[in-house]
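Dear colleague,

Please find the structure below, handed over for your own work. My notes on what was found in it follow directly after.

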Amino acid sequence: MTSPHLDALSTRHRMIDGEIASELRRPLPDSVRLARLKREKLRLKDAIVRGD
């Protein structure tokens with residue numbers, strides 16, 4: 001059973017995945033933005049696994 005909070009975390013995780021893919025499709029991806037997005041995605045994944 002999932003909570004609304006975990007659903008929101010999962011949704012944000014998927015959205016960041018899309019943002020990363022979009023950034024990688026650019027001719028000159030912003031490496032700083034990519035690093036920030038990847039850190040945020042990992043933070044969200046950890047929160048989901050912990051059940052926060």
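**The salt-bridge network**

Arg-12, Glu-19, Glu-23, Arg-26 and Arg-33 are linked with one another in a network of salt bridges. Please bear in mind that this is a predicted model. The structure holds six salt bridges, and three of them are described individually in this message.

Within the network, the side chains of Arg-12 and Glu-19 form a salt bridge, with an N to O distance of 3.1 Å. Arg-12 has a relative accessibility of 31% and therefore counts as partly exposed. Glu-19 also falls in the partly exposed class, because its relative accessibility is 22%. The side chain of Glu-19 also meets that of Arg-33 in a salt bridge, at 3.2 Å from N to O. Since Arg-33 belongs to helix H2 and Glu-19 to helix H1, this pair ties together parts that are 14 residues apart in sequence. Arg-33, at 27% relative accessibility, is partly exposed.

**Glu-23, a buried member of the network**

Is Glu-23 buried or exposed? Its relative accessible area is 2%, and because buried means under 20%, Glu-23 counts as buried. Glu-23 lies in helix H1, and a polar contact of 2.7 Å joins its side chain to that of Arg-33. When residues up to four places away in sequence are not counted, Glu-23 touches Leu-28, Pro-29, Asp-30, Arg-33 and Leu-34.

**Helix H1**

H1 consists of 22 residues. From its first C-alpha to its last, H1 reaches 32 Å, close to the 32 Å expected at 1.5 Å a residue. Which residues of H1 are buried? They are Leu-6, Leu-9, His-13, Ile-16, Ile-20 and Glu-23. These residues cover an arc of only 100° around the axis, so they sit on the same side of H1. On the other side of H1, the residues Pro-4, Arg-14 and Arg-25 are exposed. The buried residues of H1 pack against H2.

**Helix H2**

H2 has 20 residues and, from first C-alpha to last, reaches 29 Å, close to the 28 Å expected at 1.5 Å a residue. Its buried residues are Leu-34, Leu-37, Leu-44 and Ala-47. Viewed down the axis of H2, they fall within an arc of 150° and therefore line one face of the helix. Ser-31, Val-32, Arg-39, Val-49 and Arg-50 are exposed on the other side of H2. H1 is included in what covers the buried residues of H2.

Both ends of this helix have a local feature to record. At the start of H2, a side-chain oxygen of Asp-30 comes to within 3.0 Å of the backbone nitrogen of Val-32. Just after H2, Gly-51 adopts a positive phi of about 85°.

H2 also contains a salt bridge of its own: the side chains of Arg-43 and Glu-40 meet at 2.8 Å, N to O. The two residues are separated by about one helical turn, because they are three residues apart in helix H2. Arg-43 is partly exposed, with a relative accessible area of 45%. Glu-40 is likewise partly exposed, at 24%.

**The nonpolar core**

Which residues make up the largest nonpolar core? It has eight of them: Leu-6, Leu-9, Ile-16, Ile-20, Leu-34, Leu-37, Leu-44 and Ala-47. The elements giving two or more residues to this core are helix H1, spanning 4–25, and helix H2, spanning 31–50. One core residue, Leu-44, is in contact with Leu-9, Arg-12, His-13 and Ile-16, once its neighbours within four places in sequence are left aside. Among these partners, Leu-9 and Ile-16 belong to the core as well, while Arg-12 is part of the salt-bridge network.

**In brief**

The main points are these. The buried residues of H1 pack against H2, and both helices give residues to the largest nonpolar core. Arg-33 and Glu-19 join the two helices by a salt bridge, and Glu-23 is a buried residue that belongs to the same network.

With kind regards

Technical notes
Residues are numbered from 1 along each chain as its sequence is written. This is a predicted model: local features need pLDDT of at least 70, side-chain atom pairs count only at pLDDT 80 or more; totals for chains, interfaces and linings use all residues. Side-chain values use heavy atoms; hydrogens and water are left out. A nonpolar core is a set of buried Ala, Val, Leu, Ile, Met, Phe, Trp, Tyr and Cys residues joined through side-chain atoms within 4.5 Å. Buried means under 20% relative accessible area, exposed over 50%, partly exposed in between (1.4 Å probe, protein chains only). Helices (H or I, at least four residues) and strands (E, at least two) are DSSP runs, numbered from the N terminus. Contact means heavy atoms within 4.5 Å. A polar contact is a pair of N or O atoms within 3.5 Å; within protein, one must be able to donate a hydrogen and the other to accept it, and residues adjacent in sequence count only if both atoms are side-chain atoms. The expected span of a helix is 1.5 Å times one less than its number of residues. The arc is that of the directions from the helix axis to the C-beta atoms. A salt bridge is a side-chain nitrogen of Lys or Arg within 4 Å of a carboxyl oxygen of Asp or Glu.
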